[in-house]
Structures are given as C-alpha cells and as structure tokens.
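Let's look at how the chains in this model meet each other. Here is the structure to keep open while you read.

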Amino acid sequence: MKRSVMVTSLAVMAVVVAFSLFLATRNPVNTTATQADSPLLGERAPLIAGPRLGGGAAIDVKADLGHVVVVNFWASWCGPCQVEAPSLSTFAWQERHDGVDVVGVVFNDRVGAAKDFAAHYGSLYPSVIDSGGVIANRYGVISPPTTFVINARGIVAATLLGAVTTRQLEAVVARVNS
Amino acid sequence: MKVLRSFSLWCVVLVAVAALAVVLRPSDSSAQSRIAHLETLVRCPSCDDLSVAVSNATSAIAVRHEITAKVHAGESDDKILTSLEDVYGTSILLSPPTSGLGVLLWIAPLLGVLLLIASALRLARRR
Amino acid sequence: MILTWLGRAALYVCFAGAVGGVIEQATALRAHRVSRVRWWALGALLGIAAAVGVMEFALVTHNFALAYVAENNATFTPLLYSITGLWSALEGSLMLWVLLQSAITFGVLLYYRRDRDSPVVGWAAIVLLCVGAFFTLLMMGPADPFIHNAAHVLQGAGPNALLQDNPLVAVHPPLLYLGFVGFSVPFAFAIAMLVTGRVQERWPLEQRRWTVLAWGSLSLGIVLGAWWSYQVLGWGGFWGWDPVENAALLPWLTATAYIHSVIVQDRRGLFRVWNLSLAIATFSLTILGTFFTRSGVLVSVHAFSSSTLGPLLIGFFFFVVVVGASLLAWRGDRLRAPVGVDHPLSREGLFVANNILFVGFAIVVLLGTVFPLLYQAINGTQVTVGTPYFASVAAPLSVLLLVLMAIAPLVSWRSADAKVLWSRTRMSAWTAILAVVVLLVAGVRRPAEVIAVFLAVLAAGAALRTLRGSLVAALRRGSWRSVLRAPSTGGMIVHLGVVVLALGIVTSTTYVTRSEVTLATGQRTVVDGQLVSFDGFHNITDALKTATQLKVSVDGHQLRPAITTFNGRGGTTVGTPAIDSNLARDVYVTFDAVGGNGGTSGAQVQSGLPAGSVVLGVTVEPLLAWLWLGGLVIGLGSALSFFRRRYAEDAA
C-alpha cells in the first residue's frame, strides 16, 4: 500500500488517544489513608469544643464559619500519627489563608505526653484536649489517626482512616469544595 | 548430501532423547504438587500481588490450609478455585478469568502477533 | 525560609535555561545562524545541580525547615540514607530525573558541537530541552520539593523502612533513571530527522551508541532492582509483575527491539521508518511508565502516590505520541527504504522475527498491566492479573527468543543457506544433546529445565562461535585487543549474559523449595540438603533501629535473619532476611515466628511452641546467583558495545 505508514500511524494514534483518555479518567487508589463510609457522611458535624493543648483560649470549632475544617484525631502513642504529623502541619500552614482550618483532637492520651509530641513534631494547628473521650465518641473514632473533612456548610464530607499526606488532603479538600 | 545426512542423524538422535525426556518426566499428579500448583494461582488476600505460595502473612497461611484441606477432600482444581472466588471475590485469583472480558487477555496476544507477522510479510514482499 | 527560596530559585534558573535554549535554537534555525544553545543547556544543568545541592545539604544536615526533609529524614538517619533520601519520595525523585536529563542534554550538545549548525542537532536540542522543561515545570507547580515547614520540628519522620536497610537504594534508582532519561536522545533525534526529512545521513547510526548507553543502564537498573527486592522483601522472589516493575520493563522491550533493528539499518539501510517509530515508542513508554509510578492509578508496593501529577503525565504522554505519530504520518511514506527483506530466514528476516517478539511481548505486558482498570470500568468488579498470566506468555516467548539467539548470529545477510548454517551449528547442536543426556542421567528431569539447558547451549554456542571469529580476525590484524571493539563483541557478550540469566531464572523457579522449620536454641536439622542450626538470639539497639537477630548457621556459614524496627515513622517493623549465596544455590532464611512469650521486637508469636524456639522460613533456590552474574555480564557487554567501532572503520 502506498501510504501504509500514514494509515498505521493514524490508527496507532487513535488507539493511544482513547487509551490516554481512559487512563486520565481513572481515580487514584488511596494508598495512605483509606476513605471510609462513616455514618456521619452527609450529616451535620458534631460539636468540637474543649481546652486547648498547651494552654490559652479554649477551642470551639464553629464548623459553619464558611471555612473547610480538617479535624484530625491523634495520640502520642500512635505510630502513623508520627508519620502524618509533618504533613498535617505543612498542609495547615499552606492553607492558612485559603479558608481551610486544621484542628487536632487528642485521643485517649496523657496531656503531658500529648504536649511533648506536639512540641517534638511542631504542630502548626491547635489541638483540643478531649476529656472523657466525648468528642471521639460523637465522631465514632476507634483508633487514631482518623481525619474528618467538614465542608464550609458544616457537613461531614469525608472520613479518612490512617496516616494522611499533604497531597491527599489537598485532593480531598479540592473535591469537597467542588 | 553429506550435510543432509549429518543433519538427519542429529534430528533422529534429538527425537530419541526428547522421547526419553518425556518418559522420564517426574509425575505431576500427586496431591502435593496439585497443592503447590494451586497455591501459585491464588493471591494472598492481604497482599497486592504475592501468591499464597510465597507469602507468610496470616491470611495466606489460612488460605493454604483451606487449599490443602480441599485437595485432600477430593475436590477438583476448578471447584477449589471457584469456591475461593466465592469467598474472597474475583480478585483473589492471580490469573484473570478466561470467560467474559478476560478472554481479551488471552486472545489479544495472539491477535497482536498475527497482526505484526502480517505487516512484516507485507514489508518483506515489497522488493 | 532561605533553603526554600534558594531551592526554588535554582529550579527557576533551570527552567529559564531550558526555555531560553529553546528560543535561542529556534531563532538560530530560522535565521540560519550558528546557535549557542549548549550554553543555555549548561545553565539549566547548573540550575538543577544547585537545587540538588540545596536539597542534599538539607538532608545531610537534617534541616527540617524543608517539609520534604521532615517527611523523609530524621536526625538519626545515616549519611548514606540521607543522601539517597533525595530520591526516596516523589518530589525528590523528579529532581534526580531532571538532573540526569539536563546532564545528558548538555553532554549530547557538547558531543555534537562540531555539528551544531546541522538542523537535525538543532531540532534534537529543542526536543531535549522541552522534555527537561516539562519535568522542571512539574516541580515548580504540583510537586514542589522545597515547601517550607514553618513548624519548629525537632524530629522528622525518617525514610520508609524498606528504603534504608539496603545500600542498593544508592544505585538502583539512578541507573534506572539514567536508562529512562537516556531514551530521550534517540527520541529527540527521531523527531529531528522526521521534521527535517534527513533520515539517510549518519544520524540514525549515531543513535545506536546512545541507545546502548540507555539500554545498558536500564538493564543494570532492572537487574539491581530485582536483586534489591530479593534481598529485602522476604519472599525469596525477585520479580512480581507488579505494575511499576512492568513500567520499567516496557521501554526495555522496545529498546531491545530497536537495538537489533538498528543493526539492520546500519548494514543494509532497511527499516528506517520502523526504527524511528521504535525510538518514539520507547520514549513514550518511559513517560507512560512514570505515569503508572506516580499517578497512584494502579496499586503497587513500589509506587509513589500523588493525585495531581497523574493527569499532567498522561497529558504529556498523549502529546508525545500525537506529535510523533503525526510526524510519521506526514513524512513516513516518503522516507521508506526502497528495498526490502530478501529472505525470511536471512539475518534481516530473523531480526524482523526478533522485533515481532519483543514488541508483541511489550503490548501483552501493557495490556495485562492496565487490564484490571479496564475490567473494573466495564464490569465494576476487581480482577488481578499476576504472575501466572505473564509467566505463561513469557515462557513460550523466551523459548522462541533463545532459538533466535541460537541461529541469527550464524546466518548470513540477504540469503539463507541451510548447509552453511548447519555446518556452523553442528558442534553446538551435538553439545546441546549431550548436555540433555547428562541432565537426564543425573536426575534433572523437569521439562522446563531440560528445554532451557538445551536452548541455552545452542545460544551460547552461537555467541561463542561469533566471538571466536572476531578474535581470529583480530589476531590476523596483529592485535588481539582490537577484538574488544569489534562490532559484534559487545552484543555477543550480552547474549552470553542473557543465557546465564535465563538459566538462573528457569532453574531457580523450577527447583525452588520452601519449608518452615521449628528449632529450639542449639538445635540443628537438615532442610532440603542444607544443614541449618539455630544458636540463640542477639538483640541490637542503635540510633537507627532495634533488631532481634537470630544466630543461624547454614552449611557452616553464619547468617543473621532478623526482625527490625526502625525508629521514626512510628516504628515500622520489617523482616530482614538473611541469604547464604554461592554459585550453586542460594539459601534464603527468614525469621517467621517465635515461640511462647517472645518478648522480641515485633516477631509473630506462635503459641503452642516452647519459649525460646523459633520458626524459620528456609527457601533453597539453585543457581539463583546466576541472575546477578548474568546481569553483570550484560552490563559489561553493553559497555563494550558502546565503545565499538563502526562498520566503516572496520572495513578500512
């Protein structure tokens, strides 16, 4: 055939175009934290209020302030919490002017140990001391780290089990905002 | 002529040796080898792509016990694999199913090679 | 903050160098003047080198002001693993990629500086700089390595446990990336040749050298990666047909096809357009591979994950293929060689068969890798495509490839003479039968092994015969040393390496035995012909890790399989296998469980065993070391091939 190269090239190009479009529309598999189907999804976020870790003004997250709130339950004895601590701080710092607040909740821990952990890993976001585990109960948290993303209207939009990364939080918050 | 004779002699010897190799081939139908073979076809449920034959995860050990029990109970290979699929889902098998969409994976290589051979022949015929 | 600004500034310099170079070269081409592009390329190289310097400085001094360092380094991380931290995570690995790309771009432009007025070199420069600019752009946007960590962090998370317990982390990624990046050179020149229409000059043949460099690095990188997995992952295997592993294999397959068909172009001027397509395909597969590795779309133990890079990388892949295919569609038919292959069983014909097998296998591996995605999109359920599928395709293919290796070096160009072929093969053919008989008599009777040895002898015979011919010719010329640079020497040595590697793979997988033994302290037993004894526990605690080691001796050699907990990252626990290796067999020992009240760091406690006894996993794999030996020989052969003489020099 006189123009077999042209025909073959165009055919291959068509296949590759279809292939690329297919791959571009695949969603990434979350290999760090898993998105869970918590019963809170779509519901109004329960109250988060309590004394601030490290002293200072008490925290009361009024989740319908028009901000997206990322709530992270952590503990000093929890290994994956160590892994995600730098990422959470980086994310909090990055988003501090973009209408995203990060709040930590200390889960089943001694205050002294929690303070040391926060100092060691340099938390750039405030954390609430959860006496009696009341907040954890409201959110149904059984083991840290568990992260909830509450949208600007105060509805729980995502639940992540396991250590999060900055990229993952960015992606989830972007999805929540859209 | 000498070349043809020499080559034919070699071919004859080759066929004889090959027949010998086939006859001496170790038998494959013992329960042990069936179990070993099945273990390479089943994925360890808590790993990404390791078979239960090589993984030491607790879930892999559990599946190995199941396979051994079923082989000793006299179930056929297909039945064992299907029952594992029912419990853990289709992704527990390391080889895609040969029916339905899975056929594509087995036909595609053949089609691809045929296509390439056809274009190569066309290329060769152009003198 | 300083580090962040320095690092980012360096990246901007690199990007500016690349873009400036493209503009400089484009205007030079238009105005038909000599271009100064290589100085822009040098600027880009200096920029990325500075950025790498900043990051390495931060890693080595454990400066947690950079978020990347806080996430991948800790104060107790040893120097080697601080340095390799540069490529332990996504953003840093992109820096290594751009560093190698800029270095190769500058190197190529420097090498061809006497040809810098040629439009082919000009267009190639533009393409190379665009590729570098794209990857730099990724780091200036979504994959910023220099994000500032405003917190006063006293301790970082440390690297992933599996990336800090084996020194091979220092060589595998750089060699792999050198291979990937190296394929951008034949690609750039292919685009340049298509754009300018100059396929008949020496440029296609120049590409062989760069392709051999990239291919050799990639081969070594893949083999070292397999060796690394073998040493640390704990299952005694070296290849899992994991998506990221396949991603590295795909360009290797098309590059192997390219290396062979370029020989035909060198000798007889055939396959011009096909070779251009292969060069474009190889580079495209490199980009596709990096998409699989970095997009998180496919599940893999080796993947970096990111959800923003995926669309950008697949977009670049799309762009590369569309540009390449369009150029081929536009120019291809006019550039074809007027002659064809004379006989299907001539050497050219066998090279065609070689290409069919390699490209066909690449297509099958690609299909198998993305099949789970396709299946899920259409049927909604998950399916796994693993070793059984790939192995059942790879096995007959390897048989055919060994057959080709046994015949092609002995066949003439342009014609197929059965008599001549038989006279050249006769000795290997009889030796092969003899080898089979010896095996059968000695009790080695599994069909896979018998067939593999038979074909291996034939293939090795062909390679040795060709080497002997080159040596004889060299001696006749008066210097035996000139055989090292003879045209086929490197290639035949690579073939020998492949034969050794193939024998290692077949033997170790056919005759592998796995057992679990329970031993009390001081007890010994024989497992699969190996004398194994357990002599007690040994605990190690240092700044980096806490490990419970077992004092095990196999055939008189001391081994220390362990369970190791690395500090940082919350204390990840990994099994550390111990290997006793010689040319005959590898004995792979893992610490699987401990009895009673273990009290050790993380080992699975098995009740029902007396305290102080352990369960060892013992895997015996014959000839496994031949894989690494074969890889080494392949590397050597590639190096020789890089330096070989051109055919023109040979005729003189």
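## Where chain B meets chain C

In this predicted model, about 4300 Å² gets buried between chain B and chain C, and 72% of that sits on carbon and sulfur atoms. On the chain B side, the elements that chip in two or more residues are helix 1 (2-24), helix 2 (31-41) and helix 5 (103-125). Sort that side by class and you get 32 nonpolar, eight polar and six charged residues.

In terms of contacts, 46 residues of chain B touch 53 residues of chain C. Salt bridges across this interface come to zero, but there are seven residue pairs in polar contact, both partners at pLDDT 80 or more.

## Where chain C meets chain A

Chain C also packs against chain A, and the two bury about 3400 Å² between them, with 69% of it on carbon and sulfur atoms. Four helices of chain C each supply two or more residues to the side touching chain A: helix 3 (67-72), helix 11 (272-295), helix 12 (309-331) and helix 13 (347-379). Helix 12 of chain C is the top contributor there, with nine residues. As for the make-up of that side of chain C, it has 29 nonpolar, 14 polar and six charged residues.

The contact tally is 49 residues of chain C against 38 residues of chain A. Once more the salt bridge count is zero, and two residue pairs are in polar contact, again with both at pLDDT 80 or more.

Note on methods. Residues are numbered from 1 along each chain as its sequence is written. Chains are lettered from A and ligands numbered from 1 in the order in which they are written. This is a predicted model: local features need pLDDT of at least 70, side-chain atom pairs count only at pLDDT 80 or more; totals for chains, interfaces and linings use all residues. Side-chain values use heavy atoms; hydrogens and water are left out. Contact means heavy atoms within 4.5 Å. Buried area is the accessible area (1.4 Å probe) that two parts lose on being put together, summed over both. A salt bridge is a side-chain nitrogen of Lys or Arg within 4 Å of a carboxyl oxygen of Asp or Glu. A polar contact is a pair of N or O atoms within 3.5 Å; within protein, one must be able to donate a hydrogen and the other to accept it, and residues adjacent in sequence count only if both atoms are side-chain atoms. Ala, Val, Leu, Ile, Met, Phe, Trp, Tyr, Cys and Pro count as nonpolar, Asp, Glu, Lys and Arg as charged, and the others, Gly among them, as polar.
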